[in-house]
Amino acid sequence: EEDSMKTYVVEHLDPECGPWSILEYITIAKESADAGAKFCLSSAPIDLNIPDSVKAVRGFNIEHRSVEDVYHDCKNRVCLLDPAAKEELKPADAHDFDVFVFGGILGDDPPRDRTSELRKKGFTGRRLGPIQMTTDTAVRVARMVIQGKALNAIPYIDYPEIRIDEHESTEMPFRYVKATDGKPAMPE
């Protein structure tokens, strides 16, 4: 039933939460709430340094258990966003999945490939195209697709130049959704 509420889950296994991640999470939470969806940060360490002001953001949910624990009895309704998946995410997937999981931020050195751990546990994978996206972009794109827009119909900006000051700019090595103002959509 595509009207049932969808949940977008970002795994956060890092003991820290950097300022950029916090901005991304606030953006995802607000956009998800606006779209009638739920956002959840899973596998979060108990003492994760998330400010109360962020915890109070509409749409923000924190879960200390892992995706496997939370969804062990409805694994077939969980979609793992996986760059190695054979199939692209498509609007029809809204009928088959209620929960969309993003590998998220991993604190281990060497880094754990959380996506491949979840893949081995039998979660169904879907891909969001060939170019790497930031976490908030990946959630935004997945949500747009699940709400009916084909992956290749979404306007993108790839590798945008972001101006740091008047003399310096840097190229972001990611794909972004093109916002209505023609700029890449990213946290404020």
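Let's start in the middle of things: the largest nonpolar core of this predicted model has 36 residues. Inside that core, the residues with the most contacts are Phe60, Leu89, Phe100, Phe102 and Leu128. Several elements give two or more residues to this core, namely E1, H1, E2, strand E4 (78-81), strand E5 (99-105) and helix H5 (135-146). If you're wondering which of them gives the most, that's H5, with six residues.

Now pick out strand E2 (residues 38-42), one of those contributors. Four of its five residues are buried, so E2 is largely enclosed by the rest of the structure. To see how the chain gets there, begin at E1 and follow it through H1 to E2. That path is a β-α-β crossover, and it is right-handed.

What does E2 pair with? One partner is strand E1 (residues 7-12), which runs parallel to E2 and is joined to it by five bridges. If you want a spot to look at, find Tyr8, which stands opposite Phe39 in E2. Strand E3 (residues 60-62) pairs with E2 as well, again in the parallel sense, over three bridges. Here the spot to look at is Leu41, which stands opposite Ile62 in E3.

Next, move along to E4, another strand that gives residues to the core. Are its two faces covered or open? Both are covered. Val78 and Leu80 sit on one side, Cys79 and Leu81 on the other, and all four are buried. E4 also has a parallel partner in strand E6 (residues 124-126), with three bridges between them. Leu80, which we just met as a buried residue of E4, stands opposite Gly125 in E6.

Finally, let's leave the strands and look at a pocket. The second largest pocket has a volume of about 200 Å³. Which element gives the largest share of its lining? That would be helix H1 (residues 19-34), with five residues. This is the H1 that the chain passes through on the way from E1 to E2, and H1 also gives two or more residues to the core. The pocket's lining includes Leu23, Ile26, Thr27, Lys30 and Glu31. Arg140 is there too, along with Ala185, Met186, Pro187 and Glu188. As for the chemistry of this lining, five of the residues are nonpolar, one is polar and four are charged.

Conventions
Residues are numbered from 1 along each chain as its sequence is written. This is a predicted model: local features need pLDDT of at least 70, side-chain atom pairs count only at pLDDT 80 or more; totals for chains, interfaces and linings use all residues. Side-chain values use heavy atoms; hydrogens and water are left out. On a 1 Å grid over the protein atoms alone, a cavity is a set of points where a 1.4 Å probe fits but cannot get out, and a pocket is an open set with protein on both sides within 12 Å along at least five of seven lines; lining residues have an atom within 4 Å of a point. Grid points are joined across faces, edges and corners, and a volume is the space filled by probe spheres set on the points. Ala, Val, Leu, Ile, Met, Phe, Trp, Tyr, Cys and Pro count as nonpolar, Asp, Glu, Lys and Arg as charged, and the others, Gly among them, as polar. Buried means under 20% relative accessible area, exposed over 50%, partly exposed in between (1.4 Å probe, protein chains only). Two strands pair if DSSP finds at least two bridges between them. A crossover is right-handed if, with the strands pointing away from the viewer, the path from the first strand over the helix to the second runs clockwise. A nonpolar core is a set of buried Ala, Val, Leu, Ile, Met, Phe, Trp, Tyr and Cys residues joined through side-chain atoms within 4.5 Å.
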